[in-house]
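Notebook open, viewer open. I want to go through this one piece by piece and jot down what I look up.

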Amino acid sequence: MSRLYTEGLSIGYVDRLIVEDLNLSIPQGKITALVGANGSGKSTILKTMARIMKPRNGTVFLDGKSIHSQSTKDIAKELAILPQNPVAPDGLTVFELISYGRFPHQKGFGSLTKEDKKYIEWALQVTGMIDFYDRPVDQLSGGQRQRAWIAMALAQGTDMLFLDEPTTYLDMAHQLEVLKLLEHLNEEEKRTIVMVVHDLNHATRFAQHMVAIKTGRVVCEGSPAEVMTSEVLREVFGIEADIIPDPRTGVPLCLPYELAGKERKPAKPTAKADEAIAAEQVEVKEEVLV
Amino acid sequence: MESSIFAADRRKRKRAYTIMLIIGGLVILSFIISMNTGHIRLSPLDVFKTLFGMGVDNQPLILFEFRLPRIVISILIGSGLAVSGAILQGISRNALADPGILGINAGAGLMVMLFVSFYPVTSNAPIFLLPIMALFGAGFAALLIFMLSYKKNEGISPTRLVLSGIGVAAGISAAMIVLTLRLDPEKYQFVATWMAGSIWGTNWKFVVALLPWIVILLPLVFYKARVLNVLNLGEQTSIGLGTPIKKEQIWLLAAAVGLAGSSVSVSGGIGFVGLIAPHLARRLVGPRHELMLPTSALLGSLLVIAGDTIGRTILQPSEIPVGIVVAVIGAPYFLYLLARSRA
């Protein structure tokens with residue numbers, strides 16, 4: 001059963017389609033990882049499914065209704081999204097940031113209700129930020145800051161949590177810290193989590209469902225064992241890799257060793273092929289800028 | 001544990017309210033000092049007596065017809081400009097945004113100038129029209145800036161907002177200079193004083209023209225404090241938290257234009273109030289708008305009353321426009337901000 005799925009979704013910037021005719025369904029109660037190369041459209045898909053972007057065509061359904069035609073405040077009670085690299089205003093404390101997470105449940109004036117306080121305190125505790133509640137967010141370490149933002153999204157009290165590259169720019173310990181937290185939320189609190197991740201080994205270890213995306217299309221979707229294969233990695237990332245089982249957990253791990261397709265290039269590249277490659281590179285750059 | 005977190009927050013709020021009370025007290029103090037000072041000195045006792053209808057000679061005239069409306073107007077425009085600046089800083093997420101920098105003042109100024117060039121300054125021109133004209137000009141400038149800095153899918157970019165604001169302001173100022181050249185000396189004198197930022201509308205008519213805008217818009221903006229909090233977290237996060245951002249941004253921008261435009265129509269080009277007051281407020285009570293907006297309003301009032309009182313007294317009998325006094329305080333602070341934001 002899935003509460004959230006897309007039908008014939010096409011998404012584009014200005015005059016270029018990034019995603020075309022996407023049908024994707026988010027499994028309830030699982031951690032789903034969206035993986036793909038830079039500019040593959042995974043982040044765009046995540047944002048559109050969380051109604052931050054509007055699609056060109058097609059529909060995102062939440063509980064059977066189009067997400068883009070419902071009141072955005074109502075959706076904020078069902079689904080929380082943490083964008084990439086959010087920035088807090090100077091001097092805002094962890095407590096204040098987390099209390100903003102209660103916004104969809106509040107009206108106009110008035111102080112925090114009992115319910116608000118319950119969620120704020122729980123979010124502080126579950127993210128391990130309780131000792132830092134009075135610290136300005138801009139003075140925290142990268143990992144702490146990310147946990148503070150996750151706590152804000154948690155205070156929203158939603159079943160579904162979307163995260164756009166929650167581990168980017170964090171060192172290894174901080175990456176694990178954040179992913180462990182998400183795992184805990186999924187196992188103990190039964191949250192449905194959808195995240196864009198770059199590290200494939202993180203994806204296979206923490207996600208139960210993986211979606212591999214290339215140029216806005218789903219190349220392969222399923223359990224980590226189904227998605228993490230040499231063929232998929234060659235197709236999606238253009239790399240040659242060995243897949244070995246994790247000695248501790250048995251989930252597939254990838255060891256990349258070569259860029260794929262070098263041999264497939266024509267021995268004497270024609271001017272036309274060069275042009276095509278150059279055009280593609282420009283396009284990728286543009287997407288990164290967007 | 002529970003109690004300690006929320007108790008800490010309560011203490012913080014209490015501290016903020018105390019700070020607001022202190023600033024409010026300073027506003028009242030400036031009010032009293034301002035009543036006493038001027039070309040004709042009135043002792044506090046005289047002021048007190050006159051307020052209760054026991055003034056002698058021309059005391060009631062000076063107090064009720066000259067000083068009191070001027071002070072009331074100072075309070076209104078101070079809070080209007082400060083809150084307008086706070087809104088603009090909030091929605092653009094740019095600490096350097098204020099109605100002066102964003103060309104809203106200039107837009108209002110241009111319209112005031114056109115108005116003045118059609119009506120003689122001294123005659124009984126329809127004063128109530130002035131804020132409306134100024135609003136029209138401010139709205140036009142704001143719309144132009146908004147259109148220049150708005151991009152689909154990205155919303156208002158803070159950098160584009162400030163850059164296009166500066167551009168529009170420069171363009172309008174140039175147009176104003178061209179227009180000034182065509183004015184007769186008497187009107188030119190008036191416009192020059194206006195541009196320096198002087199509370200020239202010193203009778204009750206202006207209070208009546210200005211009051212509704214401030215009294216209606218301020219509470220409406222305070223009511224939107226939480227929306228401003230969330231908008232401050234960035235476009236994507238605000239949508240995620242359930243804010244219809246386009247609607248809220250436009251609404252708040254309109255309120256900022258209304259507050260700044262109506263204030264400027266009476267006060268002339270007072271800069272810096274909309275920049276400094278929100279900054280100081282944030283320093284004193286933190287970034288939460290439910291505390292920061294009322295504090296800015298009070299600080300804005302304090303700045304304008306104090307500036308006007310200083311301007312009226314230090315070079316007696318001539319007056320220094322309040323805009324210049326505030327700029328003398330404001331410019332160094334602005335530079336200090338720039339130096340700090342680079343660090």
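**Helix over the sheet.** I started with helix α1 of chain A, residues 42–49, and asked which strands it lies across. They are β4 (31–36), β8, β9 (192–196) and β10 (209–214) of chain A. Against β4(A), the helix runs at about 140°. Note to self: this is a predicted model, so I treat everything below as read off a prediction.

**The sheet itself.** Next I looked up the strand order. The sheet is open, has six strands and reads β7-β8-β9-β4-β10-β11 in chain A, with mixed pairing. The edges are β7 (79–82) and β11 (217–222) of chain A; each has a single partner strand, so one side of each lacks a neighbour in the sheet. From one strand to the next the twist averages 15°.

I then walked through some of the pairings. On the β7 side, β7(A) and β8(A), residues 160–164, pair in the parallel sense over four bridges. Here I found A80(A) opposite L161(A) in β8(A). Further along, β4(A) and β10(A) run parallel and are joined by five bridges. The partner of G36(A) there is I213(A) in β10(A). The pair β10(A) and β11(A) also has five bridges, but these strands run antiparallel. In that pair I noted A212(A) bridged to C220(A) in β11(A).

Is β10(A) enclosed or open to the outside? Five of its six residues are buried, so β10(A) is largely enclosed by the rest of the structure.

**Positive phi.** I went hunting for odd backbone angles. As background, most residues other than glycine have a negative phi. The hairpin of β10(A) and β11(A) has two residues between the strands, and T215(A) takes a positive phi near 40° there.

R51(A) is another one, with a positive phi of about 55° although it is not a glycine. I located R51(A) in the loop between α1 and β5 (57–62) of chain A. R51(A) has 23 other C-beta atoms within 10 Å, so it counts as buried.

E165(A) joins the list, a non-glycine with a positive phi of about 50°. E165(A) sits in the loop between β8 and α6 of chain A. I checked its burial too: E165(A) has 19 C-beta neighbours inside 10 Å and so counts as partly exposed, as 20 are needed for buried.

**G157(A).** This glycine lies in the loop between α5 (142–155) and β8 of chain A. It has 20 other C-beta atoms within 10 Å, which means it is buried. Out of curiosity I also took the C-alpha separation from G157(A) to R248(A): 34 Å, for two residues 91 apart along the chain.

**Domains of chain A.** The domain assignment splits chain A into domain 1 (4–78 + 158–289) and domain 2 (87–157). How many residues are in contact between them? I get 12 from domain 1 and 11 from domain 2. Helix α6 of chain A, residues 172–189, supplies the largest share of the domain 1 side, four residues. By class, that side has seven nonpolar, two polar and three charged residues.

**Chain A overall.** I noted 10 helices and 13 strands in chain A. Of its 290 residues, 41% count as buried. Among contacts in chain A with a separation of 6 or more, 63% are between residues 24 or more positions apart.

**Over to chain B.** I picked one helix pair, α3 (59–92) and α12 (273–285) of chain B. Their axes are 7 Å apart and the packing angle is about 75°, so α3(B) and α12(B) are roughly perpendicular to each other. The α3(B) residues in this contact include G78(B), L81(B) and Q89(B), and among those of α12(B) are V273(B) and P278(B). I sorted the residues of the α3(B) and α12(B) contact by class: seven nonpolar, five polar and no charged.

**Between the chains.** Last entry. The contact takes 33 residues from chain A and 26 residues from chain B. On the chain B side, α1 (2–36), α9 (225–231) and α10 (235–240) of chain B each give two or more residues. Which of them gives the most? It is α1(B), with five residues. The chain B side divides into 11 nonpolar, 10 polar and five charged residues.

Methods. Residues numbered from 1 in each chain as written. Chains lettered and ligands numbered in written order. Predicted model: local features only at pLDDT ≥ 70, side-chain atom pairs only at ≥ 80, totals over all residues. Domains from an automatic or database assignment. Contact = placed C-beta atoms within 7 Å. Nonpolar A, V, L, I, M, F, W, Y, C, P; charged D, E, K, R; others polar. Axes fitted to C-alpha atoms, helices over the stretch in contact; angles between N-to-C directions. Parallel < 35°, antiparallel > 145°, perpendicular 65-115°, else oblique. Pairing = 2+ DSSP bridges. Buried ≥ 20, exposed ≤ 12 C-beta atoms within 10 Å, placed from the backbone.
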